[in-house]
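Please walk me through this structure slowly, as you would for someone meeting a protein fold early in their studies. I would like to see how its sheets, helices and cores fit together.

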Amino acid sequence: MKSLKVGIIGAGIAGLSCAHQLTLAGHKVVIFDKSHGVGGRMSHRNYEKWGADHGAQYFTAKDPLFAEEVQRWIQAGVASPWLGKIVSYTHGQIVDSDPTKKRYVGVPEMSSPAKYLAKNVVLELSQTITEITKINGYWEVSSKESGVLPHQFDFLICATPPAQAKNLIGKNSQNLQVMCSEVQMQPCWTFLAYLRNPLTLDFDGAFINDHIFSWIARDNTKPERSRYETWVAQANPAWSEEHLDLSHYEVEPLLIEAFQNLTGAECDLYQTHLWRYAKLENESQSNYGLDTQNQLALCGDWLRTSTVEGAWMSGFHLAKVLNRMYS
Ligand SMILES: Cc1cc2nc3c(=O)[nH]c(=O)nc-3n(C[C@H](O)[C@H](O)[C@H](O)COP(=O)(O)OP(=O)(O)OC[C@H]3O[C@@H](n4cnc5c(N)ncnc54)[C@H](O)[C@@H]3O)c2cc1C
């Protein structure tokens, strides 16, 4: 087998799933991420005495391959079922969601499975990749923080949302650039609230159909979380799009008021976060993007479904095809 040196841009669950499979097959992988931690949109925010999952809220496992992976995460102590009561909520009417549906979360926080997958790969964090260049048949990458980085890769993979991948791919691959251009991601304004007094609402998570918020959840009912009453509320895509250009200061009073109207609660502490590329509007059948001639590839949730499962599967399938090609 030819052992490849592979660079991956993006340490979300797609990039890490791909890196894990490539490493198992004997390839040498380096992952770059602009953040100071791994997990991307599977992330958790910690404040002084409270914290919450402010991206992905839970994950499900429909595909048997991902279901097996989730079992491995559970055995490793980095994921666990979430037994919170989930409902749907329309005009004050509450309907229980399917009680047989299994939902999982990372423990002690949503990014834990990503940290687990990152254990055996070389990580270069706080490196915002700004340019990729092919020199003498090898890929080199430059970052905003460090300029040209001292690596040469046989193969380069962009595991970022499509807008960022498109900028990086540039003119290096016409086909991959077209794939990135065809996809629109929806934004999500997210509101995190710490409450001194627990809310008396009879659910732990709710899909809401007629409100600024399309999802709210009591984060502290997830396993191994802090005991403090913490809520996460996500604005619906249309509202988030309409308010995309507002600053945090401008959006805060709107989200505080919406949360109070919905729950009756006064927030003691709160934070807001804008996910500019939160979720895919429609599902994709692509799985991954591959340009063998230029030794470039794409993976990420946006090539499958905007879920933790979709992202993991995209990275997994890309690695499998590369492993087959270079075995
Ligand atoms: C608010 C919200 C709620 C969600 N809720 C759920 C849910 O309940 N259940 C579910 O299954 N899924 C949910 N999702 C979707 C899920 O989080 C994603 O589908 C999945 O985490 C995407 O993983 P990924 O690896 O494809 O991308 P990401 O997690 O976005 O990873 C991409 C990585 O690339 C890095 N990056 C980008 N550009 C550069 C660059 N130039 N240089 C270096 N690094 C770069 C980023 O920092 C990031 O770490 C939610 C997402 C959001 C935002």
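What follows goes through the two sheets in turn, together with the helices and cores that go with them.

The model shown here is predicted, and it is easiest to begin with one of its sheets. Six strands make up an open sheet in the order β9-β2-β1-β13-β20-β19, and the pairing within this sheet is mixed. At its edges stand β9, residues 122–124, and β19, residues 289–291, each of which pairs on one side only. From one strand to the next the twist averages 20°. Further inside the order, β1 (residues 5–9) and β2 (residues 28–32) run parallel to each other and are joined by five bridges, and within this pair K5 has K28 of β2 as its bridge partner. Helix α8 packs on the sheet, where it touches β13 (155–158), β19 and β20 (296–298), and its direction makes about 30° with that of β19.

Helix α8 also has a helix to lie against. Its axis and that of α1, which covers residues 13–24, come within 7 Å and cross at roughly 30°, and this crossing is right-handed. On the α1 side the residues that meet α8 are I13, A14, S17, C18, Q21 and L22, while those of α8 include V308, W312, F316, L318 and L322. Sorted by class, the contact of α1 with α8 consists of 11 nonpolar, four polar and one charged residues.

Which residues touch the most other members of the largest nonpolar core? This core has 49 residues, and the ones in question are I8, I13, L22, F59, W73 and I157. Helix α8, spanning residues 308–325, gives the most to this core, with nine residues. In soluble globular proteins, nonpolar side chains tend to be buried together. I157 is a good residue to follow in the picture: leaving aside neighbours within four places in sequence, I157 is in contact with V6, G7, I8, I9, C18, L22, A297, C299, L318 and L322. Apart from this core lies another one, of 26 residues, among them A233, A235, L255 and A265.

The other sheet to trace is an open one of seven strands, which follow the order β7-β6-β15-β16-β17-β14-β18 with mixed pairing. Its edges are taken by β7 (93–96) and β18 (269–280), and because each of these has a single partner strand, one side of each is left without a neighbour in the sheet. The twist in this sheet averages 20° from one strand to the next.

Strand β14, made of residues 185–195, pairs with β18 in the antiparallel sense over nine bridges. Within that pairing Y194 stands opposite L269 of β18, and A193 stands opposite Y270 of β18. Strand β14 also runs antiparallel to β17, to which six bridges join it, and there T190 has Q234 of β17 as its bridge partner. How many of the 11 residues of β14 are buried? The count is 10 of the 11, so this strand is largely enclosed by the rest of the structure.

Finally, helix α7, residues 248–263, lies across β6 (86–90), β14, β15 (205–208), β16 (213–218), β17 (229–235) and β18, and the helix runs at about 65° to β14.

Technical notes. Residues numbered from 1 in each chain as written. Predicted model: local features only at pLDDT ≥ 70, side-chain atom pairs only at ≥ 80, totals over all residues. Heavy atoms only, no water. Pairing = 2+ DSSP bridges. Helix = DSSP H or I, 4+ residues; strand = E, 2+ residues; numbered from the N terminus. Axes fitted to C-alpha atoms, helices over the stretch in contact; angles between N-to-C directions. Contact = heavy atoms within 4.5 Å. Core = buried A, V, L, I, M, F, W, Y, C linked by side-chain atoms within 4.5 Å. Buried < 20%, exposed > 50% of the residue type's maximum accessible area, 1.4 Å probe, protein only. Left-handed = near helix turned anticlockwise from the far one by under 90°. Nonpolar A, V, L, I, M, F, W, Y, C, P; charged D, E, K, R; others polar.
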